[in-house]
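Got the viewer open? Let's walk through this one stop by stop, selecting as we go.

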Amino acid sequence: MPKRWVWEAYKRLKQIGAAGVDEQSIEVFEADLQSNLYKLWNRMSSGSYFPPPVKRVQIDKRAGGKRPLEIPAVSDRVAQAVAKGYLEPDLEKHFHPDSFGYRPGKSALDAVGVARRRCWRHPFVLDLDIRAYFDSISHELLLKAIRKHTDCAWALLYMERWLKAAVQLEDGTPEPLEKGTPQGSVVSPLMANLFLHYAFDMWMRRNHPSIPFERYADDILCHCDSERQAPELKEALAKRFAECGLELHPDRRRSSIVRMTTGELNRNSTFWATRSAPVGRRTIGRSTSSTSAPVSAMPRRKQSDRKSVPGNYCRVDKRIDDLARMFNPIIRSWMNYYGRYYKSALYPTLRHPDRCLARWAVSKYKRLRRHRRPAEHWVGDIACRTPTLLANWPMLHKTAAGR
């Protein structure tokens, strides 16, 4: 293993994140960076590297409750990046073109764009959600898939060790990991894609080549031509996933059959459908299809964005132009990403900064404290006078922008 691989892997890590079980922060690791990287290379090259346990923490889920997130140590993240950098180029050659998640050059917006075009041609969608996917991956089947693509001794050795590394619970108790791949590790997305490449993508290509699909990690849409075809496919996929140790989510709202002109996709998925009225309908048998596929992209982080921005910055010591400078990069990112399709779906999100400004104005100006309506009118007046101050105003206040 060349030394430069470890250095290049370290540079590729865009975000190291929190400290692992050794409590070593990125600042401490980088204080003696050259020595730490050399020690890591030396152990990986000799086969003597044993991954430390990953630290499990509980994070809030958007729909309520908690989900576990495993945090590797800083040095372990670099080691995993070495293995990912070695394996990924070859795996990419084999992955299905309709697999979009965690792949270089592909994004959720690419998946949504393909889904929208196919919704114009296929009136039914099978919207699939795999229950606890990352926690259910079979180590035996995954290692079998890895061996199919590489005979590199060190890569196989360390992939097996990472899969079998213990998890340290929040009370400090170590727990062996009998199945699943830790969410939060560097190699988990690549391994999760490889597992579903054989469990789903290749199975669909062999058994249902006429049914197109889009997969973003474990979020899957299958496009069906009839109301009969969709439940038959769902039943077949339930059996296929069971063979691979996976399970479709039992909640019908999470794994459902959707008529695109009237239904709504699972909002927990990468894809979701709006209820906007279709433009120009035509009859296909007993169903109807729209020439405007009601699929949009509102990834999971939207809700957290709306809670944290811009409310956290609305302090009374700030001027409105100060707030605008802080808000605008984030608002523009919302518009550029979420607004690619169905921009009208963005309106509720883009109104959030205006509501925050109204609350800020009530706190800052005494004359506005008695009633809320004057504060909202005050924001509207500012938008009329300076329609480009906030990046969302030209879209929200079109009359103001036209003056």
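Which ring does Lys3 lie over the face of? Select Lys3 and Trp41 together: Lys3 lies over the face of Trp41, at 5.0 Å from the ring centre. Before going on, keep in mind that this is a predicted model. For another charge over a ring, pick Arg161 and Phe50; the charged end of Arg161 sits 3.8 Å from the centre of the Phe50 ring.

**Stop two: an open sheet**

Now switch to a cartoon view and look for four strands that make an open sheet, with mixed pairing and the order β2-β1-β4-β5. The edges belong to β2 (66–71) and β5 (174–175), and each has a single partner strand, so one side of each is left without a neighbour in the sheet. Select residues 54–60 to get strand β1, which pairs with β2 in the antiparallel sense over six bridges. To see one of those spots, click Val57: its bridge partner in β2 is Leu69.

**Stop three: an enclosed strand**

Next, select residues 124–129, strand β3. Is it enclosed or open? Six of its six residues are buried, so β3 is largely enclosed by the rest of the structure. Show the side chains: Phe124, Leu126 and Leu128 point one way, while Val125, Asp127 and Asp129 point the other way. Both groups are buried, the two Asp residues included.

Add residues 219–224 to the selection. This is strand β7, which runs antiparallel to β3 and is joined to it by six bridges; here Leu128 has Ile220 as its bridge partner. Then add 256–259, strand β8, also antiparallel to β3 and joined to it by four bridges. Phe124 stands opposite Arg259 in β8.

**Stop four: the nonpolar cores**

In soluble globular proteins, nonpolar side chains tend to be buried together. Here, the largest nonpolar core has 63 residues, and Phe200, Cys222 and Leu237 touch the most other members. Select residues 188–207 to find helix α9, which gives the most to this core, with 10 residues.

Zoom in on Cys222. Leaving aside its neighbours within four places in sequence, Cys222 has contacts that include Phe124, Leu126 and Leu128 as well as Phe200 and Leu237. Apart from this core lies another one, of 25 residues; Leu346, Leu350, Ala375 and Trp378 are among them.

**Stop five: the start of helix α12**

Select 320–338 for helix α12, and click Ile320 within it. Ile320 counts as buried, with 19% relative accessibility. What is Ile320 in contact with, once neighbours within four places in sequence are left aside? Show Leu357, Trp360, Trp378, Ile382 and Leu389 to see its partners. Ala361 is 41 residues from Ile320 along the chain, with 9.1 Å between their C-alpha atoms.

**Last stop: ring pairs**

The count of aromatic pairs comes to 14. Try Tyr86 and Trp154: their ring centres are 5.3 Å apart and their planes are at 50°, so the pair is tilted. The two sit 68 residues apart, Tyr86 in helix α4 and Trp154 in helix α8, and so the pair links distant parts of the chain. Tyr86 is partly exposed at 33% relative accessible area, whereas Trp154, at 16%, counts as buried. Add Trp5 and you have a cluster linked by ring pairs.

Key
Residues numbered from 1 in each chain as written. Predicted model: local features only at pLDDT ≥ 70, side-chain atom pairs only at ≥ 80, totals over all residues. Heavy atoms only, no water. Pairing = 2+ DSSP bridges. Core = buried A, V, L, I, M, F, W, Y, C linked by side-chain atoms within 4.5 Å. Buried < 20%, exposed > 50% of the residue type's maximum accessible area, 1.4 Å probe, protein only. Contact = heavy atoms within 4.5 Å. Phe/Tyr/Trp six-rings, centres within 6.5 Å; stacked < 30°, edge-to-face > 60°. Lys NZ or Arg CZ within 6 Å of the ring centre and 35° of its normal.
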